[in-house]
Amino acid sequence: MGNVFGGSDGRALDLSNGATEVFVEVLTLAVSALAERPWHFRFAALLTLQDQNVMGRGAVGFDLADVDWGATPQQRARAREFVLRTVDLALTRHRWEELGYEPVSAEASLRRFRVMMASYAPAAGGPPADGGFPTAREAAVACCVRHRVLNALPLWDGCAFCNRPG
């Protein structure tokens with residue numbers, strides 16, 4: 001069973017459970033380095049919700065249409081640009097040496113997600129009310145001191161790296 005990250009025009013990133021774990025970990029390293037504004041921390045929280053060791057294998061993924069990109073064209077453009085910058089930083093192999101493994105599938109997944117994100121035009125009017133995008137109160141503002149990444153406190157103790165089995 002895999003996980004799907006959906007875009008527009010029928011584009012989707014369909015990943016195995018292992019590839020999803022790698023994808024989330026490398027994006028978590030990048031988003032933790034770049035997050036500065038409230039929306040950035042909300043997006044970081046969305047990534048923390050993709051932790052299969054907490055949520056279950058094959059039970060994660062999100063659709064770009066479910067993300068609250070903002071109310072104005074400027075907010076939507078800034079949010080989209082932040083996600084692209086996050087992917088671009090991950091593509092530089094930012095902190096990959098700390099993973100403890102070679103993330104073989106990461107570059108291909110990131111490149112496919114970047115193409116999907118670059119072609120995505122967030123719609124005016126916002127996401128569905130039950131879209132699952134974290135609210136401002138659910139933003140990932142806590143930091144795992146051991147791994148230096150944002151985590152989902154108070155939803156669960158620890159980050160995606162703390163939650164790894166073994």
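Helices are DSSP runs of H or I with at least four residues, strands are DSSP runs of E with at least two, and both are numbered from the N terminus. The model is predicted: local features need pLDDT of at least 70, side-chain atom pairs count only at pLDDT 80 or more, and totals for chains, interfaces and linings use all residues. Residues are numbered from 1 along each chain as its sequence is written, and side-chain values use heavy atoms, with hydrogens and water left out.

**Exercise 1. State how many helices and strands the protein has, and give their pattern along the sequence.**

Step 1. Count the elements: there are five helices and four strands.
Step 2. Read along the sequence: the pattern is β-β-α-α-α-α-α-β-β.
Step 3. Turn to contacts, meaning heavy atoms within 4.5 Å. Take those in the protein between residues at least 6 apart in sequence: 70% join residues at least 24 apart.
Step 4. Add the surface. About 8,200 Å² is exposed, and carbon and sulfur atoms supply 53% of it. This area comes from the Shrake-Rupley method with a 1.4 Å probe, and for residues only the protein chains shown count as cover.

**Exercise 2. Describe the largest nonpolar core and where its residues come from.**

Step 1. Fix the terms. Buried means under 20% relative accessible area, exposed over 50%, and partly exposed in between (1.4 Å probe, protein chains only). A nonpolar core is a set of buried Ala, Val, Leu, Ile, Met, Phe, Trp, Tyr and Cys residues joined through side-chain atoms within 4.5 Å.
Step 2. Start from burial: 49% of the 166 residues are buried.
Step 3. Find the hubs. The largest core holds 47 residues, and Trp39, Phe43, Trp69, Leu110 and Phe113 touch the most other members.
Step 4. Assign the elements. Strand 2 (12–15), helix 1, helix 2 (38–48), helix 4 (73–91), helix 5 and strand 4 (149–151) each supply at least two residues of this core. Helix 1 gives the largest share, nine residues.
Step 5. Inspect one hub. Beyond residues up to four places away in sequence, the contacts of Trp69 include Trp39, Gln75, Arg80, Val83 and Met117.

**Exercise 3. Decide how many of the eleven residues of helix 2 are buried, and say what covers them.**

Step 1. Count: ten of the eleven are buried, and helix 2 is mostly covered.
Step 2. Name some: the buried residues include Trp39, His40, Arg42, Phe43 and Thr48.
Step 3. Find the cover: helix 1, helix 4 and strand 4 are included in it.

**Exercise 4. Characterise the packing of helix 1 against helix 5.**

Step 1. Recall the description. Two packed helices are described by the angle between their axes and the distance between the axes.
Step 2. Read the geometry. The angle is about 75° and the axes are 9 Å apart. Axes are lines fitted to C-alpha atoms, for helices over the stretch in contact, and angles run from 0 to 180 degrees between N-to-C directions.
Step 3. Classify: helix 1 and helix 5 are therefore roughly perpendicular to each other (a class that spans 65 to 115 degrees).
Step 4. List the partners. Val22, Phe23, Val26 and Leu27 of helix 1 meet Ala106, Ser109, Leu110 and Phe113 of helix 5.

**Exercise 5. Place Ser109 and Ser32, and give the backbone oxygen that each side chain reaches.**

Step 1. Locate Ser109: helix 5 (residues 106–118). Its relative accessibility is 3%, so Ser109 counts as buried.
Step 2. Find its partner. A polar atom of the Ser109 side chain lies 3.1 Å from the backbone oxygen of Ser105.
Step 3. List the contacts of Ser109 outside four places in sequence: Leu13, Leu15 and Phe23.
Step 4. Locate Ser32: helix 1 (residues 17–34). Ser32 counts as buried because its relative accessibility is 18%.
Step 5. Find its partner. The side chain of Ser32 reaches the backbone oxygen of Thr28 at 2.8 Å. Leaving aside neighbours within four places, Ser32 touches Arg148, Val149 and Leu150.

**Exercise 6. Asp9 and Arg95 both have a positive phi; say where each lies and whether each is buried or exposed.**

Step 1. Recall the background: most residues other than glycine have a negative phi.
Step 2. Take Asp9. Phi is near 55°. Asp9 sits in the loop between strand 1 (3–6) and strand 2. At 72% relative accessibility, Asp9 counts as exposed.
Step 3. Take Arg95. Phi is about 65°. Arg95 sits in the loop between helix 4 and helix 5. With a relative accessible area of 12%, Arg95 is buried.

**Exercise 7. Locate Arg164 and give its C-alpha separation from Glu21.**

Step 1. Arg164 lies in the segment after strand 4.
Step 2. At 27% relative accessibility, Arg164 counts as partly exposed.
Step 3. Arg164 and Glu21 are 143 residues apart along the chain, and their C-alpha atoms are separated by 9.6 Å.

Note on methods
A polar contact is a pair of N or O atoms within 3.5 Å; within protein, one must be able to donate a hydrogen and the other to accept it, and residues adjacent in sequence count only if both atoms are side-chain atoms. Angles under 35 degrees count as roughly parallel, over 145 as roughly antiparallel, 65 to 115 as roughly perpendicular and the rest as oblique.
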